[in-house]
Amino acid sequence: MNTLRLYFKSIGMLLKSHLQYPSSFIMQTLAQLVMEGSEMMVVILIVDRFERLKGWSGGNLYFFFGVMSVSFYLTELFGRGITGDFPMMVRTGRLDTFLVRPRGVLTQVLCAGTDPRRITCIAVGIVSLIIGSGISGISWSFAKVLVLAESISMSCLLILGLFMIEAIFSIFSVKSVELVNAITYGGRSACQYPIDIYPLPLRALFTVIAPFALTMHVPAAWIMDKPLYGWPAWTAFVTPLSGAVVFVVMSVFFHLAMRHYRSTGS
Amino acid sequence: MSYFTVFKMRLRMELQYRGAMIGGILCQMFFGLILVALYRALYAGKPQSVPIENVAIYVWLQQAFFRMMLASDSELVDKIRSGDISYDLCRPVNMYGFYYARIMAQKLMGSLMRAVPMLVMAFVLPRGWGVSLPESGLGLLAAVPALFLGLLCVCALENITVAFTMITLDPRGMQGLLNLLMLTLSGNLLPLTLFPESWQKIITFFPYAQLLDAPIRLYTGEYAPGDAFRVYVLQSFWVVVLIGLGVSMWNANRKRMIVQGG
């Protein structure tokens, strides 16, 4: 609990520091809005032209898109330390200062960064969720709200876990490794559409290695009463937990890798 | 020709980053595969007047020349922030021309180094997934000059972005917005051929459509080789306008420049 309080206190302070330059902040936040807005425009144009994608209607596609943007940008908002700043911390030696403090390294890394500009991206995601839910005619129940909340929080853990792969690589190589983007940003691009439209290799990648399909598509499809692959209802509650599994496994690897950390000396 | 020397130096420098290149290529290939898979799934439900083979070619060429669009001269931005740009006033060359040559070399080499291996790999993929040669050789011949004019256009656009950075000093806001506009309106996010027809009529006249969309359409045959001349005229028009605009913005900024000393 103490750690959590520390975390929110640091994030609050960082937020204040971001707001010290209001005009730059507003400009960048607007840029983020335009960015995510144009991503959503692409989905709208696709729905306008093609009407449906395999068995999914336009409304379903908006809902999937919304789940992805809310989860992905929540992660970037709160986990900026891992998703963006970590390679820089290794290169500049800022990570060294974390090693001498009486807290876990991972906690401190997470405390060290936030990206409040993403708030507009999350807003776009929420709008898309609402539109998607309206068009698909979802009848909400307590269980469905619970599953959606579980799906989004587990997806955040999954995305954080995937970004930790990049962090682990950068502990060894000092440089950031662009290739890992294929699985994080590539996963975002691919999995804002339902998984079952893709050929088998891509489906396997995003079900087994980076299980976006399990944390997002299985529960979201159940919420829309179109269970993915016709799987039974309980899977919608169980499969998202794979996000937590990925996160735990990656934090173990992260701590193992930290044992081999050698400062750049700068 | 001093500009040509700058150009050559920059080409050599860009050649050095081969490690980053391989990672970039693999990443870009992966994105290309995802996009082609998505459009194939969409086409399975409702085929369009634009054949899927052309959409696949569109996606691959966009991915292959991605670096041509999003490459900026980070040294120049640093110089603007730190004020070191004032040293450039001492050089016996035109500043705009100097940096135009630099960014052109960077974009040309950066994209060619990535495009050639990527397109070779995309040629190996089966038809409808990868890239195939256009039906008439004329299409290919017509696309090459268009691609070159597109390069001139994108460098002029880049220099306009830099001119905004000279005013705001913080490159992130304006640069981000202009780059987004470019990615959307040049067909990187969604092929312009899949935009609503009524939009296409307007968008294809925008400068952003001249970068890659026009060459790709000449390649796939959506613009007949006979139309090539019309396309070149439109592209050249934008090159002249954008360079003119860029030069006047740079000159205006140079007059405003205050050197703090120290």
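I looked up Tyr229(A) first and found that it is exposed, with 11 other C-beta atoms within 10 Å; I keep in mind that this is a predicted model. I then placed Tyr229(A) in the chain, where it is found in the loop between helix H11 (212-223) and helix H12 (234-238) of chain A. Checking the backbone there, I noted that Tyr229(A) has a positive phi of about 55°, although the residue is not a glycine.

I turned next to Glu51(A), which also has a positive phi, here of about 65°, and which is likewise not a glycine. Glu51(A) sits in the loop that separates helix H2 (22-50) from strand E1 (52-53) of chain A. Is Glu51(A) buried or exposed? I counted 12 other C-beta atoms within 10 Å of Glu51(A), so I entered the residue as exposed, given that the cut-off for exposed is 12 or fewer.

My last entry concerns the contact between the two chains. I found 27 residues of chain B in contact with 30 residues of chain A. On the side of chain B that touches chain A, helix H2 (18-45) and helix H9 (171-185) of chain B each supply at least two residues. Which element gives the largest share of that side? I recorded H2(B), from which 13 residues come. Sorting the residues of the side of chain B that touches chain A by character, I obtained 17 nonpolar, seven polar and three charged. I add as a reminder that the size of an interface is often given as the accessible area lost when the parts come together.

How values were computed:
Residues numbered from 1 in each chain as written. Chains lettered and ligands numbered in written order. Predicted model: local features only at pLDDT ≥ 70, side-chain atom pairs only at ≥ 80, totals over all residues. Helix = DSSP H or I, 4+ residues; strand = E, 2+ residues; numbered from the N terminus. Buried ≥ 20, exposed ≤ 12 C-beta atoms within 10 Å, placed from the backbone. Contact = placed C-beta atoms within 7 Å. Nonpolar A, V, L, I, M, F, W, Y, C, P; charged D, E, K, R; others polar.
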